[in-house]
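Trainee: I'd like a close look at a single part of this model, with its surroundings thrown in. Could you walk me through it in one go?

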Amino acid sequence: MKFIHYIEKVSGVSIFGLISLMIFVLFFIAMLTWVFKTKKTSFQKVSRIPLDD
Amino acid sequence: MQVEKFYYDNKIVKAFGYATIVFGVVGMLVGLWVAIQIYYPPISLNFAPTTFGRLRPLHTNAIIFAFVGNASFAGIYYSLQRLCKARMFSDKLSWIHFWGWQLIIVAAAITLPLGLTNGAEYAELIWPIDIAITLIWIVFGINLFGTIIKRREKHLYVAIWFYIATWVTVALLHIVRSIELPYSATGSYSWFAGVQDALVQWWYGHNAVAFFLTTPVLGLMYYFLPKAANRPVYSYRLSIIHFWALIFIYIWAGPHHLLYTSLPDWAQSLGVVFSIMLIAPSWGGMLNGLFTLRGAWDKVREDPVLKFMVVAITCYGMSTFEGPMMSLKTVNAISHFTDWTIAHVHIGGLGWNGFLAFAILYYMIPKMWGTNLYSKKLATSHFWLGTIGIIIYAVPMYWAGFEQSLMWKSFTPEGQLKFQFLETVTNIKPLYILRSIGGALYLSGALLMVYNLYKTIRQGSFIANEAAEAAPLVKEVSKKKEYWHRILERKPLTMLLLSLILVSIGGLVQMIPTFLVKSNIPTIASVKPYTPLELQGRDLYVKEGCYTCHSQMIRPFRDEVARYGEYSKAGEFVYDHPFQWGSKRTGPDLAREGGKYPDSWHYNHMYDPRSMSPGSIMPQYVWLLDNELDTTTTAAKIRAMRKLGVPYPEGYDKIANKDLMRQADSIAANLKKDKIETASNTEIVALIAYLQRIGRDIKLEPKQSLTENK
């Protein structure tokens, strides 16, 4: 018998997979949106931090 | 605005740098020693503290926590001050961190050869040291965040994010893996047993690689590579994606170490899917590193620092591509338990970690001594010795892995296993010899570095406090609405919290269902707790590090079932604190060892393995024949096991030693029948009791229920 059958006996376990998928998708959408909305020039400034000391 | 004058603390960087060099050489030497032991067992000196099973954990711990750990701390203390435009938060904390960490290493170097171990890979250190690690890690954390908070630079550069994620995740991993119940000043049992212990172990083991050997080193790459190439990182945008995707995805992938084992299928699949996804951020990071050098490849020809970095980053790319491939079930069926794994980790260890550590040492030491590197030529020789060493190390190990796995799986046309296990070992001995030559070359390169850096230090003069100046940070009111990430990257504590939440999710999703269904792990009625003597024997098995060469996990493959017996079931391990599935089969699997050979065979085999199996590469365990078994711990061990839920009857701890002696006497009597005279209170008797018990219980079960798991 596959283990999944035991998992199914835990009440509400299906929500686990769903929640993790949602978190995963939402997180990446949010991150990518912000990264690509930010102007390149502002990144350029930050990326020079190690160079000017 | 008034510019503030302040000083960078170079002394702490120097201390961590020296520690890196010393422990690096020691760790590599131990590595070479154990590599030679594999094909020439007498070099273990027949001395308990220097046998493979005890030295191998010393090698891995020395390289991971002493060499790479100290290198990361040196690089972090150097770069963090400069990226924050501030001296470290507290000199006192810096030094507590330094000396605390070195004491932990020394404690490890003493306890591991003495056989004091938890028996979990890369988490072998005993519970008092575990507590010390936690305390020192907190000191490091306060110092890290204190510095970030008092910084004079508005933005947190991407390297600092990697440092933050490292700190928070290592804390989480270390604490969860170290949940254990002490039964004496040095001994303890893992809180978890069997399948759950395995899941916690490889969640920890995999992410120790991720957050101790990868994220801090990536942080160093993002600082030292632009520095050495004198140009900003190729794409800062990519580095943000690299960071968040990496820390989010990595934490899910641990179960790929347990494919085809008794771990639930869904957890295995989850591990595989996330491992494949890991290629994206890892390669994003690698390309970001290599593209930083676009148009600057002429510098690579000149500068040894960049040379080391290029190979380090390339090795990072290779092993982060190979890792996901190995987590595909079809590939894993071949690679797992073989030397392929050893090759894989050494591409990462020698190539990525080692070469990056060398690169930053070659960069920082001339800078801090206000001079140039003594000899670029020597550094280039080091580079070539190291690179060729890696190749001569890795290629034979890949070959050995493939060849051995294919031999394991070969059948004759009549349907019999074609090769004895021993034949598959003796066949790859020449490759083991080649591997140690590769390791020796790598080590000799490192020794060249020691000389080169010594000369560099002699010709310069150390700048203990390096002057710098910067304007203080003022709170500015922004008119425009700021982007989310721009706000975030100014708030280190928010960053810490968000990283913590992200890395917790993966662990929780895997562990909660497995723990919730504890009562539902298909129990096997005939599986009973170990007898007191077997328990003591099992602890000896852990003490001698048998798990470094022997697995106890028969995968459901035709050849493994034919070679070892019925494949392993989750329910068989419910009393195993800690689990001992192992990860490498230098010797055969022992999951069904019980009852395979007579007691006398084990006695003779432990005394001299080659008398029973000519050509065997197992060390001799002569001291087990003489050492008296310490039975004073039995009661405490039984009580600890009872607390962990092992169903010994109430009050059994008081009478356990009586049972122990009865069983020991019967084994001694049994040995006597085969003309072996031994006292019944020796360690060998306890170990034989355990070996004769492994995997037997299930055979007492009525036939039908055996197929329950699939």
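What follows is a walk around one helix of chain B, helix 3, and then outwards from there.

Mentor: Sure. Keep in mind that this is a predicted model, so a word on confidence comes before the geometry. The overall scores are ipTM 0.80 and pTM 0.93. Chain B has a mean pLDDT of 92, with 95% of its residues at 70 or more. One stretch to treat with care is residues 705-710 of chain B, where pLDDT stays under 50 and the model has eight contacts beyond four places in sequence.

Now the helix itself. Helix 3 of chain B covers residues 91-111, which is 21 residues. Its end C-alpha atoms sit 30 Å apart, and that agrees with the 30 Å you should get at 1.5 Å a residue. Looking along helix 3, you'll find these residues buried: Leu93(B), Ser94(B), His97(B), Phe98(B), Trp101(B), Ile104(B), Ile105(B), Ala108(B) and Thr111(B). Besides the nonpolar side chains, then, the buried list includes Ser94(B), His97(B) and Thr111(B). What do they pack against? The partners of the buried residues are strand 1 (4-9), helix 1 (11-39), helix 2 and helix 4 (127-149), again in chain B.

Take those partners in turn, beginning with strand 1. Strand 1 of chain B runs antiparallel to strand 4 of chain B, and six bridges join the two. To get your bearings in that pair, find Tyr7(B), which stands opposite Ala467(B) of strand 4. Strand 4 itself, residues 465-470, is hardly covered: of its six residues, the count that are buried is zero.

Next, helix 1 and helix 2, with the loop between them. Two residues of that loop catch the eye in a backbone check. Leu45(B), in the loop between helix 1 and helix 2 of chain B, has a positive phi of about 70° without being a glycine. Asn46(B) sits in that loop too, and its phi is about 50°, again positive and again not on a glycine. Why flag them? Most residues other than glycine have a negative phi. As for their surroundings, Leu45(B) is exposed because it has 12 other C-beta atoms within 10 Å, and 12 or fewer is the cut-off. Asn46(B) has 15 such atoms within 10 Å, so it counts as partly exposed. Past the loop, helix 2 (residues 52-84) of chain B takes us to the largest nonpolar core. That core has 210 residues, and Ala312(B), Leu356(B) and Ala359(B) touch the most other members. Helix 2 gives the core its largest share, 18 residues. If you zoom in on Ala359(B), its contacts beyond four places in sequence are Phe224(B), Val305(B), Phe308(B), Met309(B) and Ala312(B).

On the other side of helix 3 in sequence comes the loop to helix 4, and Ala120(B) is in that loop. Buried or exposed? Ala120(B) is buried, because 26 other C-beta atoms lie within 10 Å and 20 are enough. Its contacts, leaving out neighbours within four places, are Arg177(B), Ser190(B), Gln201(B) and Pro578(B). There is also a long-range pair worth a look: Ala120(B) and Val542(B) are 422 residues apart in sequence, yet their C-alpha atoms are 9.0 Å apart.

Pro578(B), one of those contacts, has its own quirk. The peptide bond between His577(B) and Pro578(B) is cis, with omega at about -10°. By contrast, most peptide bonds are trans. Pro578(B) lies in the loop between helix 21 (558-564) and helix 22 (599-607) of chain B.

Last stop: helix 4 (127-149) and a residue that leans on that region. His174(B), in helix 5 (residues 158-177) of chain B, is in contact with Ile133(B), Thr134(B) and Trp137(B), not counting neighbours within four places in sequence. With 18 C-beta neighbours inside 10 Å, His174(B) is partly exposed, since burial takes 20 or more.

For completeness, there is chain A as well. Chain A has three helices and zero strands, and 13% of its 53 residues are buried. Its pLDDT averages 75, with 68% of the residues scoring at least 70. Within chain A, confidence is lowest in helix 1 (residues 4-9), with a mean of 53, and highest in helix 3 (residues 40-47), at 86.

Methods. Residues are numbered from 1 along each chain as its sequence is written. Chains are lettered from A and ligands numbered from 1 in the order in which they are written. This is a predicted model: local features need pLDDT of at least 70, side-chain atom pairs count only at pLDDT 80 or more; totals for chains, interfaces and linings use all residues. Helices (H or I, at least four residues) and strands (E, at least two) are DSSP runs, numbered from the N terminus. Two residues are in contact if their C-beta atoms, placed from the backbone, lie within 7 Å. A nonpolar core is a set of buried Ala, Val, Leu, Ile, Met, Phe, Trp, Tyr and Cys residues joined through C-beta atoms within 7 Å. pLDDT is the predictor's confidence in each residue, from 0 to 100. The expected span of a helix is 1.5 Å times one less than its number of residues. Two strands pair if DSSP finds at least two bridges between them.
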